[in-house]
Amino acid sequence: MAVTDAAIGKIKQMILSGELAPGDRLPKEADLAERLGLSRNSLREAVRALALINVLDVRQGDGTYVTSLEPRLLLETLSFVLDLHRDDTVIQFFEVRRILEPAATAMATELMTDEEVEELRAILDSFPPDPTVEELVDNDLKFHHRIARGSGNSVLCSFVESLAGPTQRARIWRGLTEEGAVAKTMEQHTAIYEAIAARQPDVARAWATVHISGVESWLRKALG
């Protein structure tokens, strides 16, 4: 593992130095191994590891390339890790959401175009009059994803979207057990939308905090 770690470090340094840029093809295996002073086996292990975290893209019959290195792509592995969370840590995920999403909402209020605000309105309008819990959660995810993208910060957006999975089950649970959960969700979504449409970032931030805190508070009581 120490040798493989060293190989990973050398390839990483080539990327950091700009010697390898996003989309570049790596030199042939034999040439790169000799150049870096590595065995071909160590180089292969390093390439496999970097491919798993979406830094490299191994194309059979074509070669190995550096990926786009976009935050969305690199943070896909974070989503995989978060999916392995235990139920007793779900409140901690809501705590992180309560920090990140209001900030993303305030940023989106200032940066979203009028057309993007209309897209947010369309998501609200697509909510069925008598939704199932699954439809509620699906609409909720679309609503928050549209706002996160509107923040203009791809890293923040990727983090917010990564947190959706670990908190989804809690939202379904709430929808099934808490009376008035659907109406409350729609009321708060509407308030967030109206603040965004009115270009009031502080108000939008406040409503986003209230919205997420409500689920978090309910979950704390439910878990006792």
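The structure holds 0 aromatic pairs. It is a predicted model. One ring does have a charged partner: the charged end of Arg59 sits over the ring of Tyr65, 3.9 Å from the ring centre.

**Overall make-up**

The secondary structure of the protein consists of 12 helices and 2 strands. Read from the N terminus, the order of elements is α-α-α-β-β-α-α-α-α-α-α-α-α-α. Some totals for the protein are listed below.

| Quantity | Value |
|---|---|
| Buried residues, as a share of the 224 residues | 41% |
| Residues 24 or more positions apart, as a share of contacts with a separation of 6 or more | 70% |
| Exposed area of the protein | about 12100 Å² |
| Carbon and sulfur atoms, as a share of the exposed area | 54% |

**Helix α2**

Helix α2 covers residues 29-36. Its buried residues are Leu32, Ala33 and Leu36. These residues lie on the same side of α2, because they cover an arc of only 100° around the axis. The face turned away from this buried side carries Glu34 and Arg35, which are exposed.

What covers the buried residues of α2? The cover includes helix α1, residues 2-16, and helix α3, residues 40-52. Here "buried" refers to a relative accessible area under 20%, and "exposed" to one over 50%.

Just after α2 comes Gly37, which takes a positive phi of about 70°.

In short, α2 has a buried side with Leu32, Ala33 and Leu36, and the face turned away from that side carries the exposed residues Glu34 and Arg35.

Notes: Residues are numbered from 1 along each chain as its sequence is written. This is a predicted model: local features need pLDDT of at least 70, side-chain atom pairs count only at pLDDT 80 or more; totals for chains, interfaces and linings use all residues. Side-chain values use heavy atoms; hydrogens and water are left out. Buried means under 20% relative accessible area, exposed over 50%, partly exposed in between (1.4 Å probe, protein chains only). Helices (H or I, at least four residues) and strands (E, at least two) are DSSP runs, numbered from the N terminus. The arc is that of the directions from the helix axis to the C-beta atoms. Contact means heavy atoms within 4.5 Å. Rings of Phe, Tyr and Trp (its six-membered ring) pair if their centres lie within 6.5 Å; planes under 30 degrees apart count as stacked, over 60 as edge-to-face and the rest as tilted. A charge sits over a ring if NZ of Lys or CZ of Arg is within 6 Å of the ring centre and within 35 degrees of the ring normal. Accessible areas come from the Shrake-Rupley method with a 1.4 Å probe; for residues, only the protein chains shown count as cover.
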